[in-house]
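Me: I am new to this structure. Please take a close look at one part, the place where the ligand sits, and walk me through its surroundings.

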Amino acid sequence: MTLNRRTFIGAGAAAAATLSAPMVMGASHGKPRVVVIGGGAGGATAARYIAKGSKGAIDVTLVEPSRSYYTCFFSNLYIGGFRELSSIAHSYGTLAAKFGVNVVHDWAVGIDRDAKMVTLAGGAKLPYDRLVLSPGIDFVDGAVPGWDVSAQNKMPHAYKAGSQSELLKAQIEAMPQGGTFAMVAPPNPYRCPPGPYERVSMVAHVLKETNPTAKIIVADPKPKFSKMALFQEGWANHYEGMIDWVGSDFGGDNVEVNADDMTVSIDGEVTKVDVCNVIPAMKAGRICEMAGVTEGNWAPVIGHTMQSRLDENIHVLGDACSQGDMPKSGFSANSQAKVAAMAIRGALTGSKVFPAKFSNTCWSLIDTNDGVKVGATYEATDEKIAKVDGFISKTGEDADLRKATFEESVGWYAGITSDMFG
Ligand SMILES: Cc1cc2nc3c(=O)[nH]c(=O)nc-3n(C[C@H](O)[C@H](O)[C@H](O)COP(=O)(O)OP(=O)(O)OC[C@H]3O[C@@H](n4cnc5c(N)ncnc54)[C@H](O)[C@@H]3O)c2cc1C
């Protein structure tokens, strides 16, 4: 493998370093050290599995700015009124108390790959033997003309859960009778392929109850989308006439927004809207670019170990990596994190490493008790993570099966969040 070592120190860290000598944390006690950046689906799982699996033989530090992590998974159900916000919030106390993970609430702002050192916004330095990056996504600048993060209060993305989800829900509830909700959907590849369409379903569910003459317009840059036949069948069954999906064949890829006027222009036709959910094109969380492990928008990895193809001491998990056939999902990130944890334990303590296997299922709720799913198993090849076999719900399934599918998703949520956060 050709190593292309570069050093990137963020401006904030450089400024902090000139003010006072940085503290080097955990540098002296002889155990191998793993630093995990990002305490979401991938990072929390990796930290837990490395710490638990090594039984204290590896020093694990998790860097995450938030004290409470809101899962994007089930955030649509919060918008639809099926979950409380508090039910999708998770803290890091168990990772620290039960598994001995050193949880540091800060931003990583620089990675020196030669010195194998992470710099935090607060100025501290964290040395590592292996680094895990699971920072999720950021948005591509200028992807939707008229929108940038300064517009996100008027036109929320709600694609990082928490305050954005609360904002979008409040805006939907404040819509005037007969008003218009617009969504600008993202191009591939992006976090959670069925996510925008589950969201449309949940918005329609709320509006059907409270604002039945309201309209939903979806401008989509893609000609088709995940579970399309299932969603379209569900929309016709539950929300007839309410949802107008405009795909790329009809100009859905030619979109501009104006947050001051609250207008959306689709193929030159300008519509005044009451709520506009803009989900721009995505890229790997910015720390991956700062580490120099991206090619294009994403960080390429080797499926066998989730090691970066540009630095063997760095593993990239979840949405930020490009790996092959797996969709960008919380389930995928959790599955990839376990493979990375096994590889890291093997490299640092000599524990046994088994061939990498992965799985994913994405459930979506269309209306009360109308759940659908798509999923697959995967294996690592030298080229990529490759799909082995898959399954998908069928159109026309009976109500009992759909209810069982929804109930399965509720069980999955409880199980996987406990697998991530302890
Ligand atoms: C509406 C919606 C619905 C979804 N539904 C599902 C679903 O039903 N099932 C499913 O499996 N997936 C679902 N997903 C996708 C899922 O949420 C993501 O794929 C998953 O969270 C990816 O995990 P990750 O670890 O890559 O990133 P994240 O979970 O986003 O975690 C990244 C973490 O890194 C932190 N971070 C970023 N930069 C830094 C830095 N420089 N320093 C320190 N920390 C940093 C962030 O604060 C964040 O906590 C959904 C997503 C959305 C938006």
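Reply: Start with Gly42. One of its backbone N or O atoms lies 2.8 Å from an oxygen atom of the ligand. Keep in mind that this is a predicted model. Two side chains also reach ligand oxygen atoms. Tyr69 has a side-chain N or O atom 2.5 Å from an oxygen atom of the ligand. For Arg191, a polar side-chain atom is 2.6 Å from a ligand oxygen. On its own, the ligand has 1000 Å² of accessible area, and the protein covers 93% of that.

Now widen the view. The ligand is surrounded by 34 residues. Tyr69 and Arg191 are among the closest, along with Glu64, Ser134 and Asp319. By class, the shell holds 17 nonpolar, 11 polar and 6 charged residues.

Which helices each supply at least two residues of this shell? They are H2 (41-54), H3 (75-79) and H9. The largest share, 3 residues, comes from H9.

Follow H9 away from the ligand. This helix spans residues 330-349, and its axis comes within 11 Å of the axis of H10, residues 399-421. The two axes cross at roughly 40 degrees. The crossing is left-handed. From H9, the contact uses Gly330, Phe331, Asn334 and Lys338. From H10, it uses Trp412, Ile416, Asp419 and Met420. By class, this contact has 4 nonpolar, 2 polar and 2 charged residues. H9 thus appears twice in this picture: in the shell around the ligand, and in the contact with H10.

Definitions and conventions. Residues are numbered from 1 along each chain as its sequence is written. This is a predicted model: local features need pLDDT of at least 70, side-chain atom pairs count only at pLDDT 80 or more; totals for chains, interfaces and linings use all residues. Side-chain values use heavy atoms; hydrogens and water are left out. Axes are lines fitted to C-alpha atoms, for helices over the stretch in contact, and angles run from 0 to 180 degrees between N-to-C directions. Helices (H or I, at least four residues) and strands (E, at least two) are DSSP runs, numbered from the N terminus. A crossing is left-handed if the near helix is turned anticlockwise from the far one by less than a right angle, and right-handed if clockwise. Contact means heavy atoms within 4.5 Å. Ala, Val, Leu, Ile, Met, Phe, Trp, Tyr, Cys and Pro count as nonpolar, Asp, Glu, Lys and Arg as charged, and the others, Gly among them, as polar. A residue is near a molecule or strand if one of its heavy atoms lies within 4 Å of it. A polar contact is a pair of N or O atoms within 3.5 Å; within protein, one must be able to donate a hydrogen and the other to accept it, and residues adjacent in sequence count only if both atoms are side-chain atoms. Accessible areas come from the Shrake-Rupley method with a 1.4 Å probe; for residues, only the protein chains shown count as cover.
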